[in-house]
Amino acid sequence: MNADRIASGYRWLEYAAFGPALEKARFDFLSHAADVRRVLILGEGDGRFLARLLRCNRNASVAVVETSGRMIALARARVTPGDRWRVEFHQIDAVAQPLPAGPFDCVVSHFFLDILNCRDAEAAIGKVSALLAPGARWLVSEFQEPPAGVRRLHARLWLAAMYGFFSMTTGLRASKLPPYRKMLAGYGLVEIDHRERRLGLIRSQVWALRGSNEIGSKILL
């Protein structure tokens, strides 16, 4: 998926569909990145999370992986001159091309895994897992399909509409969510906290390598 065609208006498309819900999900667990040293961000988009991260953590170096050149330009413009030395932008495909060299003690992927088919999601998660430092955290914000009832119907309708829209505007080839939570668990990660919004459609999460202390979950409807 290449978001060049929608980059300039993406923020307003997001707000039109979900209001501030996606932005709140991105920032839910920012505190987990407040004292880390090396961060890998997959699919950063227009740089809103990056800018907040750089203000929150004054020492971290950040590698940003993004396929869209226009999104990278927008993100770069949000970085202050004093912080530019801390950020590297990589216009690459996280599945098909080598990732920046690890290890990383924090990985961030907000609404990134949902654009991958099952095979590519598995490949991306495997590649990133190999770059994690001991005690690393992975901050994930994603869509999900609740297991039953009105919440599931609500999610299915929204997901069908979103996949249809991005297929037409960006050439997205994926048509359904990959089972990314099972995949993360399969690579030795455990979800230690999460929050939900929009009847469970939106889930922000913190994952860590097995053996980390678990934190009580919170659910926001």
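With 221 residues, a compact globule would be expected to have a radius of gyration near 17 Å, and the protein chain, at 16 Å, agrees with that expectation; the radius is taken over C-alpha atoms, and the globule rule is 2.2 Å times the number of residues to the power 0.38. The model is a predicted one, in which local features need pLDDT of at least 70 and side-chain atom pairs count only at pLDDT 80 or more, while totals for chains, interfaces and linings use all residues. Residues are numbered from 1 along each chain as its sequence is written, and side-chain values use heavy atoms, with hydrogens and water left out.

Along its principal axes, the C-alpha trace of the protein chain spans about 45 × 40 × 30 Å. Its secondary structure comes to seven helices and seven strands, where helices (H or I, at least four residues) and strands (E, at least two) are DSSP runs numbered from the N terminus. Read from the N terminus on, the elements follow the order α-α-β-α-β-α-β-β-α-β-α-α-β-β.

Of the contacts in the protein chain with a separation of 6 or more, 70% are made by residues 24 or more positions apart, a contact being heavy atoms within 4.5 Å. Buried residues make up 52% of the 221 residues; buried means under 20% relative accessible area, exposed means over 50%, and partly exposed lies in between, with a 1.4 Å probe and protein chains only. The accessible surface comes to about 10500 Å², of which 56% belongs to carbon and sulfur atoms; such areas come from the Shrake-Rupley method with a 1.4 Å probe, and for residues only the protein chains shown count as cover.

The protein chain also carries 31 positive and 21 negative side chains, and the centres of the two sets lie 2 Å apart. In this count Lys and Arg are positive and Asp and Glu negative, whereas His and the chain ends are not counted; the place of each charge is taken as NZ of Lys, CZ of Arg, CG of Asp or CD of Glu.

From the whole chain we can turn to single residues, beginning with Q144. This residue has its place in the loop between β5 (132-143) and α6 (149-170), and it counts as buried because its relative accessibility is 9%. The side chains of Q144 and E196 are joined by a polar contact of 3.0 Å, a term for a pair of N or O atoms within 3.5 Å, of which, within protein, one must be able to donate a hydrogen and the other to accept it, with residues adjacent in sequence counting only if both atoms are side-chain atoms. The side chain of Q144 also reaches the backbone oxygen of G200 at 2.8 Å. Leaving aside residues up to four places away in sequence, Q144 touches several others, among them A155, L159, Y180 and R203.

Close in sequence to G200 is L199, in the loop between β6 (189-197) and β7 (202-209). Its phi is near 55°, a positive value in a residue other than glycine, and L199 is partly exposed, with a relative accessible area of 38%.

Around strand β4 (104-110) there are further details to follow. In the loop between β3 (87-90) and β4 lies P103, which is joined to G102 by a cis peptide bond with omega of about 0°. H110 lies in strand β4 itself and is buried, with a relative accessible area of 8%. The side chain of H110 makes a polar contact of 3.0 Å with the side chain of S141, and the residues that H110 touches, not counting those up to four places away in sequence, include R26, L42, F49 and L139. F111 belongs to the loop between β4 and α5 (118-129); its phi is likewise positive, near 55°, in a residue other than glycine, and F111 counts as buried because its relative accessibility is 11%.

A33 lies in the loop between α2 (21-27) and β1 (38-42) and is buried, with a relative accessible area of 0%. Apart from residues up to four places away in sequence, A33 touches L53, N57, C106 and L139. The C-alpha atoms of A33 and H154, 121 residues apart along the chain, are separated by 32 Å.

Finally, R84 is found in the loop between α4 (69-78) and β3, and it is partly exposed, with a relative accessible area of 48%. R84 and T170 are 86 residues apart in sequence and 29 Å apart in space, C-alpha to C-alpha.
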